[in-house]
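This briefing is meant to be read alongside the sequence and the model. It takes up the division of the chain into domains, the interface they form, and the annotations on record.

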Amino acid sequence: MFNAIVSADTLQSTLDSVSVLVDECKIHLEDDGLEIRAVDPANVGMVDLSLSAAAFESYETDGGLIGVNLSRLEDIAGMADSDQLIHLELDEETRKLHIAIDGLEYTLALINPDSIRQEPDLPDLDLPARIVLEGRDIDRAVKASDMVSDHIELGVDDTEEVFYVDAEGDTDDVHLELTVEDLIDLTAGEASSLFSLDYLKDMNKAIPKDAEVTIELGEEFPVKLHFEIAEGQGQVTYMLAPRVQSD
C-alpha cells in the first residue's frame, strides 16, 4: 500500500536528482519516507537519495518496492505548477501508479524492479578534504570548465588552504581558487582528482544554486557531493569515480 500527497516542487526536485544519471530506478517505500539508490550504466556516477515522510502533505505505506520509468513520471509531474499538489496512489492489483493533479488523472505502468539494474553498495570512503560551498559556486566552476575541456580537476591545496578547480583544453585553460573566506567551510587535506565533466554537468543541473553543498575529496578517489532538497526534508548524495589518467 502506498498513498501520498506531495507538492509538485518537491516531487520534481526528487526526480530530477535521480534522472540526471539513470532513466529508471527502484523506489523503496519505507515507513519514514522514500529511498532511492542507483548507478549509471557505465558505473561512473551514483546517486543515493532519501525523502522523509515529513516532506509530504500526507504519506501512508506498509512498505514495498516499486520500479519506475523516471522520464515518464517526470513528464507527468511537469504538468503541475510548482505549488500544486500531486496525489500518488499505488494499485496493488494492477501494479500501476495512479497520479492525480487538480482534476487531471494519469495511470502510470510500473516496471518490474527485478528488471532494473542492481543497486550499488555505497562505498565507505574516509576522504581527507571536505569543502562546503554554495551550489552557485559549483555551477560557475562547471560552466567555466565546460568552455575549454571535457574533464575537470578538483583539488585542495593543504598548505594554502584553498579549494581549486582546473580545466585544461587544447588551447585554453581555466583555473578557479576559492579561499577559506570564499567558502562556507573547509577541512583542508591533500586532495586532487580528475573527473569527467559530462557527469558533473548532469549532477550540477539538479543541485539548487542556493543549496549548501558538501564536497568530500581525496587523491585520485571518487568525489562525494551532499546537499539537501525539499527544505531540508530530503538528502541527496552523488558519488563520481575519478577519470583514469593515461601517461
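The points below are grouped by topic, beginning with the domains and ending with the UniProt features. The coordinates are those of a predicted model, and the domain assignment of the chain gives domain 1 at residues 2–115 and domain 2 at residues 129–240.

**Domain arrangement**

- Between the C-alpha centres of domain 1 and domain 2 there is a separation of 28 Å.
- Contact between the two domains involves 20 residues of domain 1 and 16 residues of domain 2.

**The interface between the domains**

- Domain 1 and domain 2 bury about 1300 Å² between them, and carbon and sulfur atoms account for 60% of that area.
- On the domain 1 side, the residues that lose the most area to domain 2 are Val20, Val44 and Met46, which together make up 33% of what that side buries.
- The count of salt bridges between domain 1 and domain 2 is zero, whereas six residue pairs, both members at pLDDT 80 or more, are found in polar contact across this interface.

**What domain 1 contributes**

- Helix H1 (8–19) and strand E4 (45–52) each supply at least two residues of the side of domain 1 that touches domain 2.
- Strand E4 provides the largest share of that side, namely eight residues.
- By residue class, the side of domain 1 that touches domain 2 divides into 10 nonpolar, seven polar and three charged residues.

**Features recorded in UniProt**

- According to the unreviewed UniProt entry, the feature "domain: Proliferating cell nuclear antigen PCNA N-terminal" is placed at residues 5–100; in the model, the chain over residues 5–100 is 21% helix and 49% strand, with its end C-alpha atoms 9 Å apart.
- The unreviewed UniProt entry also places the feature "domain: Proliferating cell nuclear antigen PCNA C-terminal" at residues 180–242; in the model, residues 180–242 are 16% helix and 46% strand, and the end C-alpha atoms of this span lie 25 Å apart.

How values were computed:
Residues are numbered from 1 along each chain as its sequence is written. This is a predicted model: local features need pLDDT of at least 70, side-chain atom pairs count only at pLDDT 80 or more; totals for chains, interfaces and linings use all residues. Side-chain values use heavy atoms; hydrogens and water are left out. Domain bounds come from an automatic or database domain assignment. Contact means heavy atoms within 4.5 Å. Buried area is the accessible area (1.4 Å probe) that two parts lose on being put together, summed over both. A salt bridge is a side-chain nitrogen of Lys or Arg within 4 Å of a carboxyl oxygen of Asp or Glu. A polar contact is a pair of N or O atoms within 3.5 Å; within protein, one must be able to donate a hydrogen and the other to accept it, and residues adjacent in sequence count only if both atoms are side-chain atoms. Helices (H or I, at least four residues) and strands (E, at least two) are DSSP runs, numbered from the N terminus. Ala, Val, Leu, Ile, Met, Phe, Trp, Tyr, Cys and Pro count as nonpolar, Asp, Glu, Lys and Arg as charged, and the others, Gly among them, as polar. UniProt positions are given in the numbering used here, feature names are shortened, and annotations may be inferred rather than shown by experiment.
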